[in-house]
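Have a look at the structure below and turn it around a few times. We'll walk through it together, starting from a single residue and working outwards.

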Amino acid sequence: MKHDEKLQRIKVECQRLLALAEKRTPGKWVSEYSTNHKNGGIRAAFDHVFLFRGSYIDSEDADYIAACAGAAEAGWRATIAAIEAIQPFSATLLGEGLAAAIITAWEGLV
């Protein structure tokens, strides 16, 4: 398959991201509304800032990260499984088509 090298790089990246994700607190992530928190001895007022894993970030970012954390991990596992599943079909149009779809989805990311 002419895509072997690219698929291997994608698989390695998915494995790296999953290893990084294992270091996070397990379970579903949530964001909490917070106001007037002390951070490093500095008191600051926040209108729409969320406490998220010990850091203060914009509410839109916190909501997005919380919603995507588990789904991203599932997507990385699914990508690894798809790459491994198409290996026996590498010389077929099916294998080439699936490989091209995976590579296109990851274009610019690895």
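Start with Gln15, which you'll find in helix H1. Keep in mind as you look that this is a predicted model. Is Gln15 buried, exposed or partly exposed? Its relative accessible area is 37%. Buried would need under 20% and exposed over 50%, so Gln15 ends up as partly exposed. Now look across to Trp76: along the chain, Gln15 and Trp76 are 61 residues apart, and yet their C-alpha atoms are separated by 7.5 Å.

Let's stay in helix H1 and visit Lys11, which lies there too. Lys11 has a relative accessibility of 13%, and because buried means under 20%, Lys11 counts as buried. What does Lys11 touch, if you skip residues up to four places away in sequence? The list is Ile80, Ile83 and Glu84. Trp76 turns up here as well: its C-alpha atom is 8.3 Å from that of Lys11, with their positions 65 residues apart along the chain.

Another stop in helix H1 is Leu18. Leu18 comes in at 15% relative accessibility, so this residue counts as buried. Leaving out neighbours within four places in sequence, Leu18 is in contact with Glu73, Trp76, Arg77 and Ile80. You can also check Leu18 against Ala72: they sit 54 residues apart along the chain, and 9.1 Å separates their C-alpha atoms.

Ile80 has now come up for both Lys11 and Leu18, so let's look from the other side, citing its 11% relative accessibility: Ile80 is buried. Ile80 belongs to helix H2. Once you set aside neighbours within four places in sequence, the contacts of Ile80 are Lys11, Cys14, Gln15 and Leu18. Try Glu13 too: Ile80 and Glu13 are 67 residues apart in sequence, but C-alpha to C-alpha they are 9.6 Å apart in space.

Time to zoom out. How many helices and strands does the protein have? There are three helices and five strands, and if you read along the sequence they follow the pattern α-β-β-β-β-β-α-α. The protein has 110 residues, of which 29% count as buried. Take the contacts with a separation of 6 or more: 51% of them are between residues 24 or more positions apart.

Next, the inside. In soluble globular proteins, nonpolar side chains tend to be buried together. Here, the largest nonpolar core has 14 residues, and the ones that touch the most other members are Leu7, Ile10, Cys14, Trp76, Ile102 and Trp106. Helices H1, H2 and H3 (93-105) are the elements that give two or more residues to this core. Which of them gives the largest share? That's H1, with six residues. To get a feel for one member, pick Ile10: not counting neighbours within four places in sequence, Ile10 is in contact with Thr79, Ile83, Ile102, Ile103, Trp106 and Val110.

Before we leave this part of the model, slide back to His3, in the segment before H1. His3 counts as buried because its relative accessibility is 14%. The side chain of His3 has a polar contact of 3.2 Å with the side chain of Glu96. Beyond Glu96, His3 also touches Ala99, Ala100 and Ile103, again leaving out residues up to four places away in sequence.

Finally, let's hunt for empty space. Rolling a probe the size of a water molecule over the atoms shows where empty space is left. The largest pocket holds about 180 Å³ of space. Ten residues line this pocket, and Ala21, Arg24, Ala69, Glu73 and Trp76 are the closest to its centre. Helices H1 (4-21) and H2 (59-86) are the elements that give two or more residues to the lining, and the largest share, five residues, comes from H2. What kinds of residues make up this lining? Eight are nonpolar, two are charged and none are polar. Look once more at Trp76: you've met this residue in the nonpolar core, and here Trp76 is again, lining the largest pocket.

How values were computed: Residues are numbered from 1 along each chain as its sequence is written. This is a predicted model: local features need pLDDT of at least 70, side-chain atom pairs count only at pLDDT 80 or more; totals for chains, interfaces and linings use all residues. Side-chain values use heavy atoms; hydrogens and water are left out. On a 1 Å grid over the protein atoms alone, a cavity is a set of points where a 1.4 Å probe fits but cannot get out, and a pocket is an open set with protein on both sides within 12 Å along at least five of seven lines; lining residues have an atom within 4 Å of a point. Grid points are joined across faces, edges and corners, and a volume is the space filled by probe spheres set on the points. Helices (H or I, at least four residues) and strands (E, at least two) are DSSP runs, numbered from the N terminus. Ala, Val, Leu, Ile, Met, Phe, Trp, Tyr, Cys and Pro count as nonpolar, Asp, Glu, Lys and Arg as charged, and the others, Gly among them, as polar. A nonpolar core is a set of buried Ala, Val, Leu, Ile, Met, Phe, Trp, Tyr and Cys residues joined through side-chain atoms within 4.5 Å. Buried means under 20% relative accessible area, exposed over 50%, partly exposed in between (1.4 Å probe, protein chains only). Contact means heavy atoms within 4.5 Å. A polar contact is a pair of N or O atoms within 3.5 Å; within protein, one must be able to donate a hydrogen and the other to accept it, and residues adjacent in sequence count only if both atoms are side-chain atoms.
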